[in-house]
Amino acid sequence: MIITKKALPRRTFLRGMRATLALPLLDAMVPAATALDRTPAKPVPRLGFVFIPMGCDHSRWTPGGGPLLDKLSPILTPLENVKQDLIVFTNFDLKNAYPGTHSTSNAAFLSAAFAKHTESSDYYLGTTVDQHAAREIGKDTQLPSLELSMDLLQTVGQCNNGYACVYQNNLSWSSPTSPLPSEAHPRTVFERLFGEGGSVEDRRAALRERASLLDLVRDDIARLKARLGHADRVRVDSYLTSIREVERQIQRAEAGAADNPLPDLDRPKGVPAAYADHAKLMFDLQLLAYQGDITRVITFQLARELSGRTYPEVGVPDPHHPLSHHGNDPEKVEKISRINRFHVSLFAEHLEKLKATPDGDGSLLDHTVLLYGSGMGNPSTHDHDNLPILVAGGAACGVRGGRHVRYDEGTPLANLHLTLLDRVGVRLESFGDSNGKIDDLFQAVPV
């Protein structure tokens, strides 16, 4: 354990064999000072992106009324408890995603770039917004960025209208020719966050040998807590409880998979059987990654374009992709809205947990800016206009929530990407097809 006599460094770790545990932001991490001028440690900004495929039912997504978000639309209703932390946008577009396809919907969402039409390995896109952020705010963290998804199988070759599958498999690109694969297995993500050293097999062997990550660092935890004040001890206990609960969820999922005599090629051992349980676990891992300052930049695909996933838990036994070609059939459109609302409900639960997690002089939600949405508008016509987009959190970064911003004409989503980068301290002159920033929608950040 790394401890100084005067204060804990922000990058303080508890170490055990093959494991490293980062700590959340503590008051003890401020420079030594007198009792009169001691202030909470200054938090760092985080940036997250959550992607949903195949657009939305606009009639049930778009809020009514004026610029204040007084009443949420049917799809957005699960966000009621955090609506003052939201900005819902109407009329953002992705012109570089045309001609309208599922592959370009995914590819352009974070790049705002034109995808080279190819079925081969000579693909070319653009550096995505998350990777611009990772180069700046992620350069001092254990992981510059974290790429997650819900789908464990990635198809190869040509996926859609002559576009290579790489365009719909990967949200994040570190360069125009370097897609970053995502991880959907909770245990593997947990190892990336808290494992240390050795090959994948070495880490897996170490995990089998131990009951818990926390058991390995128990002595360090005890020594650390002996030096902390009451508020910091409570904060550390809460963080460790969250880690223990995630471990238990993973262990329960692994036990369930081991007891199942039927092989499941789409669900490797340790992945919860229910979609919602899997998604919530992946969101909980993101919270831990932010809380421990293991990474400050995360992308997450709640599902991929062309997904044939069904959602019987919300009364939709039909595969999502065929259903998205609804042709304005009222029954199909209503089922699309149920899927949309289900996805929003999972995101809403994540936001509520971020809001309930202290961070510096506020909450994790205050210090995290999250963009949620799709690269497609109306899936039945494969358009990339009037995208379902919302921004959550980020009060400490100047985001003023509780509003619905409706543009009179199509506005590049790249303008929002450029502005959010600016909010977290990453300065670019332009991004994708941007034609300006939207700083008038935000407030100055206190110095």
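Visitor: Which residues are linked with Lys 280 in a network of salt bridges?
Guide: Asp 284, Glu 349 and Lys 353. Bear in mind that this is a predicted model.

Visitor: How far apart are the closest N and O atoms of Asp 284 and Lys 353?
Guide: They are 2.9 Å apart. That salt bridge links distant parts of the chain. Asp 284 is in helix α10, residues 275-291. Lys 353 is in helix α12, residues 330-355. The two are 69 residues apart.

Visitor: Asp 284, buried or exposed?
Guide: Buried, at 12% relative accessibility. Its partner Lys 353 is partly exposed, at 30%.

Visitor: What does a search of the whole structure find in the way of salt bridges?
Guide: It finds 19.

Visitor: OK, what about Asp 318, which residue does it form a salt bridge with?
Guide: Lys 335, with the closest N and O atoms 3.0 Å apart. Asp 318 lies in the loop between β10 (297-301) and α11 (320-324), and Lys 335 in helix α12, so the pair ties together parts that are 17 residues apart in sequence.

Visitor: And how does accessibility split there? Which is the relative accessible area of Asp 318?
Guide: It is 24%, so Asp 318 counts as partly exposed. Lys 335 is buried, at 13%.

Visitor: What meets the side chain of Asp 93?
Guide: The side chain of Lys 95, in a salt bridge of 3.8 Å, N to O. Asp 93 is buried, with a relative accessible area of 4%. Lys 95 is partly exposed, at 44%.

Visitor: Switching to the nonpolar side. How many residues has the largest core?
Guide: It has 70. Those with the most contacts inside it are Leu 79, Leu 302, Phe 347, Leu 351 and Leu 390. Helix α10 gives the largest share of this core, 11 residues.

Visitor: What does Leu 390 touch?
Guide: Leaving out residues up to four places away in sequence, its contacts include Trp 61, Leu 76, Leu 79, Leu 86 and Ile 87. Phe 347, Leu 370, Leu 371 and Tyr 372 are also among them.

Visitor: What lies apart from that core?
Guide: Another core, of 38 residues. Ile 137, Leu 171, Val 399 and Val 424 are among its members. As background, nonpolar side chains tend to be buried together in soluble globular proteins.

Visitor: How many residues of helix α5 are buried?
Guide: Eight of the nine, over residues 186-194, so the helix is largely enclosed by the rest of the structure.

Visitor: Which ones?
Guide: Pro 186, Arg 187, Thr 188, Val 189, Phe 190, Glu 191, Leu 193 and Phe 194.

Visitor: Now the aromatics. How many pairs?
Guide: The count comes to 12 aromatic pairs. One of interest is Trp 61 with Tyr 372: the ring centres are 6.5 Å apart and the planes are at 5°, so the pair is stacked.

Visitor: Where do Trp 61 and Tyr 372 sit?
Guide: Trp 61 is in helix α1, residues 58-61. Tyr 372 is in strand β13, residues 368-373. The pair links distant parts of the chain, 311 residues apart.

Visitor: Trp 61, buried or exposed?
Guide: Buried, with a relative accessible area of 2%. Tyr 372 is buried too, at 0%.

Visitor: Last one. Which residues form one aromatic cluster?
Guide: Tyr 123, Tyr 163, Tyr 167 and Trp 173.

Methods
Residues are numbered from 1 along each chain as its sequence is written. This is a predicted model: local features need pLDDT of at least 70, side-chain atom pairs count only at pLDDT 80 or more; totals for chains, interfaces and linings use all residues. Side-chain values use heavy atoms; hydrogens and water are left out. A salt bridge is a side-chain nitrogen of Lys or Arg within 4 Å of a carboxyl oxygen of Asp or Glu. Buried means under 20% relative accessible area, exposed over 50%, partly exposed in between (1.4 Å probe, protein chains only). Helices (H or I, at least four residues) and strands (E, at least two) are DSSP runs, numbered from the N terminus. A nonpolar core is a set of buried Ala, Val, Leu, Ile, Met, Phe, Trp, Tyr and Cys residues joined through side-chain atoms within 4.5 Å. Contact means heavy atoms within 4.5 Å. Rings of Phe, Tyr and Trp (its six-membered ring) pair if their centres lie within 6.5 Å; planes under 30 degrees apart count as stacked, over 60 as edge-to-face and the rest as tilted.
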